[in-house]
Amino acid sequence: MTFKHRAIVDTIPAYKQGKPAPALAGQRSFKISSNENPYPPLPCVQKAIEDQALDRINRYPDMSGWQVVSRLAKDYEVDPAEIVLGCGSTEVITQLVDLLAGPGDEVIYPWRSFEAYPIIVAGAGATSVQIANRPDGGHDIDAMIAAINSRTRLIIVNNPNNPTSTSVSNADARRLMKAVPSDVIVLFDEAYIHFNTAADTSVAMDLYREYPNIVVAHTFSKAYGLAGLRIGYGIARADVAAGMRKMSIPFGVTQTAQVAAVASLDAKDELMKRVQALIGERGRIVKALRAQGWDFPEPYANFFWLPLGEQTAEAESRFKAAGLSTRVFDGEGIRISIGETEANDKVIEVCQSLKDDGIA
Ligand SMILES: Cc1ncc(COP(=O)(O)O)c(C=O)c1O
């Protein structure tokens with residue numbers, strides 16, 4: 001850059017959005033690159049937006065998000081002061097990092113993990129301490145504990161982890177919490193928690209009731225299928241939540257998003273049936289790929305991870321030719337979202353062809 005700017009920005013890669021479905025003549029194609037929910041919005045959610053938000057877009061939204069906040073507080077049995085909204089949990093995480101860490105401070109998180117973490121940490125001027133995942137793709141909790149020092153301001157746990165789809169066990173989460181000083185915050189980013197079927201998974205809200213230094217980040221983007229509306233929330237002790245609100249983008253969460261979130265909470269049972277269907281599809285894919293001889297981490301989110309290493313680029317082109325856009329991490333692997341049944345069938349077919357041709 002030819003203008004004066006913060007040098008730290010040069011050290012971070014820009015966020016890469018999952019590619020759109022490839023345009024192929026005469027073939028239906030699918031976007032399975034962004035861990036989105038393939039189901040269209042529920043009619044009741046669309047109706048709520050029409051009835052309660054569309055004719056009000058000349059007005060600013062309620063900045064306190066009271067309708068959603070009070071509803072979430074009731075559902076989680078916490079005080080409304082403990083709920084903080086953001087335009088997506090990406091903003092919630094940004095608020096927290098901005099509140100806690102600046103130049104000279106360290107933020108510990110697993111790597112690979114959600115690619116926004118390094119961007120958010122660098123944006124705050126703080127230092128990322130990335131802890132390599134274990135060979136099975138899971139968090140290396142011992143190494144995360146060993147990295148804690150007097151500069152540590154935040155530790156992030158991503159359960160299930162994006163992109164490896166691994167689950168963090170309750171035992172590991174508790175071991176971490178025991179080791180963390182009580183004035184250092186631990187963020188449990190549970191964007192995909194509704195898909196986590198691991199019997200021994202950590203549940204951050206259980207820990208939250210025991211430890212004062214936990215923040216839980218959830219989103220309406222995944223299980224609730226509202227990715228395009230940008231709404232997520234954090235649950236934190238009132239003083240932390242108040243600090244986060246100060247760091248929020250004023251009026252960042254639109255009224256449309258707030259209305260849709262409440263309507264989605266009202267339709268939770270119906271939405272969770274969709275989650276169950278996606279979990280079923282995930283099981284079907286895993287079974288088929290295991291039968292083909294694939295070795296990859298058991299997935300606990302609405303996506304799975306193929307650690308293809310050197311073969312990543314070749315595999316991606318095969319998926320693309322079949323009409324599938326996947327999320328590629330150059331030289332490391334491919335993350336594939338669970339999509340429509342037809343997309344999942346194609347994934348299984350491509351994976352078989354990769355095996356047949358010795359690419360994997
Ligand atoms: C691990 C993780 N956390 C948080 C998010 C943020 O989602 P949103 O900002 O849509 O709530 C994502 C999105 O992909 C994610 O993968």
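In this predicted model, an oxygen atom of the ligand sits 2.6 Å from a polar backbone atom of Ser89. That contact is a handy place to start a tour of the binding site. The side chain of Thr90 also takes part, with an N or O atom 2.5 Å from an oxygen atom of the ligand. Lys222 adds another approach through its side chain, where a polar atom is found 3.1 Å from a ligand oxygen. In total, 13 residues surround the ligand, and the closest of them are Ser89, Thr90, Asp189, Thr219 and Ser221.

Stepping back to the chain as a whole, the domain assignment yields two parts. Domain 1 is made of residues 7-31 together with 269-356, while domain 2 covers 43-266. Ser89 and Thr90, met above at the ligand, fall within the range of domain 2. A distance of 24 Å separates the C-alpha centres of the two domains.

The boundary between the domains can be described from several angles. The size of an interface is often expressed as the accessible area that is lost when the parts come together. Here domain 1 and domain 2 bury about 2300 Å² between them, and carbon and sulfur atoms account for 66% of that area. On the side of domain 1, the residues losing the most area to domain 2 are Tyr15, Leu271 and Tyr300, which together make up 26% of what that side buries. Counted by residues, 25 from domain 1 are in contact with 27 from domain 2.

Polar and charged pairs also cross this boundary. There are 10 residue pairs in polar contact between domain 1 and domain 2, with both residues at pLDDT 80 or more. Helix 10 (268-292), strand 9 (303-306) and strand 11 (327-329) each provide at least two residues of the domain 1 side that touches domain 2. Helix 10 gives the largest share of that side, namely six residues. By residue class, the same side of domain 1 divides into 18 nonpolar, one polar and six charged residues.

Salt bridges between domain 1 and domain 2 number two. In the salt bridge of Glu332 with Arg112, the closest N and O atoms are 2.9 Å apart. Across the model, the count of salt bridges comes to 21. Among them is the pair of Arg28 and Glu342, whose side chains meet at 2.7 Å, N to O. Because Arg28 lies in the segment before strand 1 (30-31) and Glu342 in helix 12 (residues 341-356), this pair ties together parts that are 314 residues apart in sequence.

Arg112 returns when the backbone geometry is examined. Most peptide bonds are trans, and most residues other than glycine have a negative phi. Against that background, the peptide bond joining Trp111 and Arg112 is cis, with omega about 0 degrees. Arg112 itself is located in the loop between strand 3 (106-111) and helix 4 (116-123). A cis peptide bond also joins Asn162 and Pro163, where omega is about 15 degrees. Pro163 belongs to the loop that runs between strand 5 (152-158) and helix 6 (170-179). Glu77 stands out through its phi, which is near 55 degrees and so positive in a residue other than glycine. The loop between helix 2 (66-76) and strand 2 (83-86) is where Glu77 is found.

Key. Residues are numbered from 1 along each chain as its sequence is written. This is a predicted model: local features need pLDDT of at least 70, side-chain atom pairs count only at pLDDT 80 or more; totals for chains, interfaces and linings use all residues. Side-chain values use heavy atoms; hydrogens and water are left out. Domain bounds come from an automatic or database domain assignment. Contact means heavy atoms within 4.5 Å. Buried area is the accessible area (1.4 Å probe) that two parts lose on being put together, summed over both. A salt bridge is a side-chain nitrogen of Lys or Arg within 4 Å of a carboxyl oxygen of Asp or Glu. A polar contact is a pair of N or O atoms within 3.5 Å; within protein, one must be able to donate a hydrogen and the other to accept it, and residues adjacent in sequence count only if both atoms are side-chain atoms. Helices (H or I, at least four residues) and strands (E, at least two) are DSSP runs, numbered from the N terminus. Ala, Val, Leu, Ile, Met, Phe, Trp, Tyr, Cys and Pro count as nonpolar, Asp, Glu, Lys and Arg as charged, and the others, Gly among them, as polar. A residue is near a molecule or strand if one of its heavy atoms lies within 4 Å of it.
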